[in-house]
Structures are given as structure tokens and as C-alpha cells.
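Q: Please take a close look at one part of this model and place it in its wider setting. A formal, connected account would be appreciated.

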Amino acid sequence: MTRTVLDLKCVHCGTVFKRSFEDKRRKTYTSGELLRLEGKACPESCDNEWFSIEKQHAIRKFKRHYRDA
Ligand SMILES: [Zn+2]
């Protein structure tokens, strides 16, 4: 199990934030790729479900370095 942190940008309001995922198999995301997240994932609660991927971080020592991500 690896944990991946993505820098996501809301395509609606432009807010950039980090979101962590647990991956059973390692997936590589492409910068600029669009990702759909349900349930008001945007910190601004703007009802958008589409986010562009700015950057991907593959984290092994998640707790030590990315506790607040
Ligand atoms: Zn937004």
C-alpha cells in the first residue's frame, strides 16, 4: 500500500489544495489530467467535481512528512 498526495486545482474556482489517496497499486497521474471527486471535495465548497492534477507526490513515510496534507 502506498499513499499518494496530489496537488489538485479546482477547475471552477482555481483553489489549489492537497488530497491524499491510498493506492493498492501504484498509479501514475499525468500533470494536467482531470480527476473527478464527488462530495464537495473543493475546500471552497463550490460544488465542482472536476479537478486538474498539478503535481503528484508518492509518499512512503506519510505520517512523518505529510501529516497535514
Ligand atoms: Zn472550487
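A: Ser 45 is exposed, with 9 other C-beta atoms within 10 Å; a residue counts as exposed if 12 or fewer other C-beta atoms lie within 10 Å of its own, as buried if 20 or more do, and as partly exposed in between, with C-beta atoms placed from the backbone. The model is a predicted one, in which local features need pLDDT of at least 70 and side-chain atom pairs count only at pLDDT 80 or more, while totals for chains, interfaces and linings use all residues. Numbering runs from 1 along each chain as its sequence is written.

Ser 45 belongs to the loop between strand E3 (34-36) and strand E4 (50-59). Strands (E, at least two residues) and helices (H or I, at least four) are DSSP runs, numbered from the N terminus. The phi of Ser 45 is near 50°, which is positive although the residue is not glycine. Asp 47 also lies in the loop between E3 and E4. Its phi is near 70°, again a positive value in a residue other than glycine, and Asp 47 is exposed, with 9 other C-beta atoms within 10 Å.

The two strands that flank this loop belong to an open sheet of four strands, in the order E2-E1-E4-E3 and with antiparallel pairing; two strands pair if DSSP finds at least two bridges between them. E3, on one side of the loop, is an edge strand, as is E2, and each of these pairs on one side only. From one strand to the next the twist averages 45°, the angles running from 0 to 180 degrees between N-to-C directions of axes, which are lines fitted to C-alpha atoms (for helices, over the stretch in contact).

E4, on the other side of the loop, runs antiparallel to E1, and eight bridges join the two. Phe 51 in E4 is the bridge partner of Cys 10, and Ile 59 in E4 is the partner of Arg 3. E1 in turn pairs with strand E2 (residues 16-23) in the antiparallel sense over eight bridges, with Lys 9 opposite Val 16 in E2. Five residues lie between the strands of the E1 and E2 hairpin, where Gly 14 has a positive phi near 85°.

Phe 51 and Cys 10 also belong, with Leu 6, Leu 8 and Cys 42, to the largest nonpolar core, which has five residues in all. Such a core is a set of buried Ala, Val, Leu, Ile, Met, Phe, Trp, Tyr and Cys residues joined through C-beta atoms within 7 Å. Strand E1 (residues 2-10) gives the most to this core, namely three residues. Beyond its neighbours within four places in sequence, Leu 6 is in contact with Arg 19, Phe 21, Tyr 29, Ile 53 and Gln 56, contact being defined by C-beta atoms, placed from the backbone, within 7 Å. Buried residues account for 7% of the 69 residues in the protein.

Overall, the protein has one helix and four strands, which follow the pattern β-β-β-β-α along the sequence. Of the contacts between residues at least 6 apart in sequence, 55% join residues at least 24 apart. The average pLDDT is 85, and 84% of the residues score at least 70; pLDDT is the predictor's confidence in each residue, from 0 to 100. Among the elements, E3 has the highest mean pLDDT (94) and helix H1 (residues 62-65) the lowest (55).

Note on methods
Contact = placed C-beta atoms within 7 Å.
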